[in-house]
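User: I'd like a close look at one part of this protein, taken slowly and in plain words. Could you pick a strand and walk me through what surrounds it?

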Amino acid sequence: MAVVAVTLGLSLLYQFVSDKNGVVPMQSIYVPTGQRVNITLSDGTNVWLNARTQIVYPAVFDKSVRQVTVDGEAYFDVAKDKKRPFIVETGKCNMEVLGTKFNVEGYSDKDDFEVTLMEGSVRVASRIGLGDTLILKPDSKACLQKDGRLKVIPVDDYNPYRWKEGLICFRNESFLSIMSDLEKYFGVSIVVENKNVLKYYFTGKFRQADGIDYALRVLQRDIRFKYERDDENQIIYIR
């Protein structure tokens with residue numbers, strides 16, 4: 001049984017599937033917008049789930065393989081087990097490891113997909129287009145291209161992966177990209193009507209606990225814009 005460390009607003013479902021050893025209970029956790037969850041799987045693997053993320057996993061892994069399915073963003077600290085590979089399946093790519101630390105971001109409603117390796121090694125296999133496969137080494141990330149190829153990019157800034165600490169970090173990101181992050185973390189829709197702000201890029205960090213108004217006021221120090229909140233419909237207009 002997985003241990004759920006954060007449960008506020010958590011959706012936990014159970015289902016059952018059959019295999020050669022009998023009926024295996026499967027569990028599904030969905031993390032609502034604006035929240036994050038930490039769970040420990042039956043093998044000791046620690047997983048952080050970001051907002052709008054779903055994970056499906058067996059209550060107990062079998063003797064040959066450890067496999068989970070993820071839609072969204074998750075950080076894995078995989079327990080070492082040379083006899084049982086750990087497989088993370090997403091709609092776009094699969095990852096296979098024995099024991100490692102990595103971050104995977106693959107929301108089914110977005111085109112982007114990337115897996116970032118902090119420690120160990122990860123075998124990444126594309127499930128679309130050309131079906132590219134590679135072995136990823138630490139301090140690098142694999143980004144999926146539209147044709148199914150995997151592009152490896154060096155990583156020298158791990159601040160963006162501090163989301164599990166409640167930090168929203170960005171470096172040289174566009175205003176629109178930051179608004180997309182704020183939507184995910186605070187559960188609102190942001191409509192950018194002031195097109196002048198789209199030419200700006202920012203570097204910085206916010207604490208999620210400080211709230212979206214604080215984040216927007218900080219951005220207002222650098223560029224001129226106004227915002228209005230429609231709290232009834234959970235919409236913010238950038239004007």
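Analyst: Two strands count as paired here if DSSP finds at least two bridges between them. Keep in mind that this is a predicted model.

Let's take strand E7, residues 66-77. Start with its parallel pairing: E7 and strand E8 (residues 86-89) are joined by four bridges. Within that pair, Val-68 has Val-88 in E8 as its bridge partner.

The other pairings to go through are antiparallel. With strand E10 (residues 101-106), E7 pairs over six bridges, and there Phe-76 stands opposite Phe-102. Strand E5 (residues 46-49) also runs antiparallel to E7, with four bridges between them; Leu-49 is matched with Ala-74 in E7. Then there is strand E6 (residues 53-58), which is antiparallel to E7 over three bridges and places its Val-56 opposite Thr-69.

Now for the side chains. The largest nonpolar core has 32 residues, and Val-68, Phe-76, Met-95 and Phe-102 are the ones with the most contacts inside it. E7 gives the most to this core, with four residues. So what does Val-68 touch, leaving out residues up to four places away in sequence? Its contacts include Ile-55, Val-56 and Tyr-57, as well as Phe-86, Ile-87, Val-88 and Glu-89. Leu-41, Phe-61 and Phe-76 are also touched by Val-68.

Apart from the largest core lies another one, of 30 residues, with Trp-48, Tyr-161, Val-197 and Ile-212 among them. Ile-212 takes us to helix H2 (residues 212-220), where it is buried along with Ala-215, Leu-216, Val-218 and Leu-219. These buried residues are on the same side of H2 because they cover an arc of only 155° around the axis. They pack against helix H1 (175-186) and strands E17 (189-192), E18 (201-207), E19 (227-230) and E20 (235-238).

H1 also turns up at the largest pocket: along with strands E14 (140-144), E15 (150-154) and E16 (167-174), H1 gives two or more residues to the lining. That lining has 33 residues, with Glu-105, Glu-114, Lys-141, Glu-173 and Ser-177 nearest the pocket's centre. The space in this pocket comes to about 980 Å³.

Back at E7, then, two of the residues we met in its pairings, Val-68 and Phe-76, are also among those with the most contacts inside the largest core.

Technical notes:
Residues are numbered from 1 along each chain as its sequence is written. This is a predicted model: local features need pLDDT of at least 70, side-chain atom pairs count only at pLDDT 80 or more; totals for chains, interfaces and linings use all residues. Side-chain values use heavy atoms; hydrogens and water are left out. A nonpolar core is a set of buried Ala, Val, Leu, Ile, Met, Phe, Trp, Tyr and Cys residues joined through side-chain atoms within 4.5 Å. Buried means under 20% relative accessible area, exposed over 50%, partly exposed in between (1.4 Å probe, protein chains only). Contact means heavy atoms within 4.5 Å. The arc is that of the directions from the helix axis to the C-beta atoms. On a 1 Å grid over the protein atoms alone, a cavity is a set of points where a 1.4 Å probe fits but cannot get out, and a pocket is an open set with protein on both sides within 12 Å along at least five of seven lines; lining residues have an atom within 4 Å of a point. Grid points are joined across faces, edges and corners, and a volume is the space filled by probe spheres set on the points.
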